Amino acid sequence: MVGYWSNGDDNWPRPEEMIDVAWSIGERTVVADYLSRGLIARVYLGKAVCRICGEVLGCMDLSDGCYMWPQGLEHYVLEHAVRLPVWFVDHVLLQQQSFEDAQVCDTQWSRVRADK
Ligand SMILES: [Zn+2]
């Protein structure tokens, strides 16, 4: 899990404590873009609200198959510079690089023909 915030009676982090305006917009944009492309893992009836500005953020948890985060985490990263832990940012950058480095193979697809 990443990006779930304290309700006051637990030891979870608060987004206000994680704001880092020195976090580069370039890296924040890469991380936010990655967060926006997660697969839907859970859907709730109620919508989450930003703990900082009150904006309505969504009602889903997203996942990349390894981590799960609330749909609105992208908002915290982009709009409030809430810095995510280095282990998650490293994960995102590694995944991003693996997409860039992936070799494209079309041999199977080029042999596909419509069955009639
Ligand atoms: Zn906000």
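**View A. Sequence spacing of the zinc donor residues.** In this predicted model, the residues that donate to the zinc ion follow the pattern C-x2-C-x21-H-x4-H along the sequence. The residues that fill this pattern are Cys50, Cys53, His75 and His80.

**View B. Coordination geometry of the zinc ion.** The two cysteines, Cys50 and Cys53, donate through SG, and the two histidines, His75 and His80, through NE2. These protein donors lie 2.0 to 2.3 Å from the zinc ion. The angles among the 4 donor atoms run from 103 to 118°, and the site is tetrahedral. For four tetrahedral donors the ideal angle is 109.5 degrees.

**View C. Burial of the histidine donors.** His75 has a relative accessibility of 11% and therefore counts as buried, the cut-off being under 20%. His80, at 15% relative accessibility, also counts as buried.

**View D. The open sheet.** The sheet is open and has 3 strands in the order 1-2-3, with antiparallel pairing. Strand 1 (39–49) and strand 3 (68–70) each have a single partner strand and stand at the edges, so one side of each lacks a neighbour in the sheet. On average, neighbouring strands of this sheet are turned by 15° against each other, direction ignored.

**View E. Pairing of strand 1 with strand 2.** Strand 2 covers residues 56–63 and runs antiparallel to strand 1, with 6 bridges joining the two. One of the residues with a bridge partner in strand 2 is Leu39, whose partner is Ser63. Strands of a sheet pair through backbone hydrogen bonds.

Technical notes: Residues numbered from 1 in each chain as written. Predicted model: local features only at pLDDT ≥ 70, side-chain atom pairs only at ≥ 80, totals over all residues. Heavy atoms only, no water. Pairing = 2+ DSSP bridges. Helix = DSSP H or I, 4+ residues; strand = E, 2+ residues; numbered from the N terminus. Axes fitted to C-alpha atoms, helices over the stretch in contact; angles between N-to-C directions. Donors = N, O, S within 2.8 Å, 3.2 Å for Na, K, Ca; no water. Tetrahedral: all angles 85-135°; square planar, octahedral: opposite > 155°, others 65-115°. Buried < 20%, exposed > 50% of the residue type's maximum accessible area, 1.4 Å probe, protein only.
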